[in-house]
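Q: Could you walk me through the sheet in this one, strand by strand where it matters, and then show me what sits around it?

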Amino acid sequence: MSPTRTAAFFDLDKTIIAKSSTLAFGKPFYEGGLLSRRAVLRSAYANFMFSISGADHDQLEKMRAYLTQMVTGWDIDVVRQSVAETLHSIIDPLVYEEAVTLIEEHQAAGRDVIIVSASGIEVVEPIGAMLGVDHVIGTTLVAEEGRYTGEVDFYAYGPNKALAMRRLAEERGYDLAGSYAYSDSETDVPMLEAVGHPFAVNPDRALRRLAEEKGWPILTFARPVALRRRLGLDTRVGKAAAVAVAASAVGAVAMALVTRRKGHAA
């Protein structure tokens, strides 16, 4: 029996959000004691260059090497805590309204929505939860005794994105020929070619040229909007965003109480 379920696969950076999801957390990682001031400035510069020019294969490889070297020895719990506490203040304003609308439309049509990102799973999972998607695929790093070793277990990049999508399709019974995919980068061509309905979103020059040759639709996302301003609580995205806002507020209060108690104890 052939698969009948379909899905919509979204790249994250510059497709759902306007910047690099990993580099956006430079400041909270610094405040959590994970980054030096110089590393924060370097991350900010890299994010700026990424936002104005995109990134080709060589640039992404350099970014990957830099980031894996940077996180070696980091405490995983501190990373997760930093992301959780600052998720809405950092990522919420960067989300494209057009992407949220598309996610809602696919979910209303009964399709699963999956984020497929080269960013680390510790960053991608909370963003996916905030957006109410069904599953996420991200890069996983090797860890020992709660700290990153600097080695990569699975790099969700290029052909590996398509490989992970096919594996998930086999597990969940997706018909990829009837499924959708969205990305901004030429490096995601294997991801786009894995489905029957590929879309180029804010494409870099190489992807735009290829999309025009292949007749793929080209979409422009240009309106970052805070999810809290368009919660739409009758939708899965709205409900997930509301839960994430509440959880973030609870986490902030808990952290303030812990800090206050430590201050009194001192």
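A: Here is a look at the sheet, followed by its surroundings.

A quick caveat: this is a predicted model, where local features need pLDDT of at least 70, side-chain atom pairs count only at pLDDT 80 or more, and totals for chains, interfaces and linings use all residues. Residues are numbered from 1 along each chain as its sequence is written, and side-chain values use heavy atoms, with hydrogens and water left out.

The protein chain has ten helices and seven strands; these are DSSP runs numbered from the N terminus, with helices being H or I of at least four residues and strands being E of at least two. Seven strands make up an open sheet with mixed pairing, in the order 4-3-2-1-5-6-7. Two strands count as paired if DSSP finds at least two bridges between them. At the edges you'll find strand 4 (147-154) and strand 7 (218-219), each with a single partner strand, so one side of each has no neighbour in the sheet.

Helix 5 (residues 97-108) packs on the sheet and touches strand 1 (7-10), strand 2, strand 5 (180-183) and strand 7; contact here means heavy atoms within 4.5 Å. The direction of helix 5 makes about 160° with that of strand 1, using lines fitted to C-alpha atoms (for helices over the stretch in contact) and angles from 0 to 180 degrees between N-to-C directions.

Now zoom in on one pairing: strand 2 (residues 112-120) runs parallel to strand 3 (residues 135-144), with four bridges between them. Ile114 stands opposite His135 in strand 3.

Between strand 3 and strand 4 there's a loop that holds Glu145. Glu145 isn't a glycine, yet its phi is positive, near 50°. With 83% relative accessibility, Glu145 counts as exposed (over 50%, against under 20% for buried and partly exposed in between, with a 1.4 Å probe and protein chains only). Asn202 is another non-glycine with a positive phi, about 45°, and belongs to the loop between strand 6 (197-201) and helix 9 (205-214). Asn202, though, counts as buried, at 19% relative accessibility.

As for aromatics, a search of the whole structure turns up six pairs; rings of Phe, Tyr and Trp (its six-membered ring) pair if their centres lie within 6.5 Å, with planes under 30 degrees apart called stacked, over 60 edge-to-face and the rest tilted. Tyr155 and Tyr157 have ring centres 5.1 Å apart and planes at 15°, so that pair is stacked. Both Tyr155 and Tyr157 are buried. Phe10, Tyr180, Tyr182 and Phe199 come together in one aromatic cluster.
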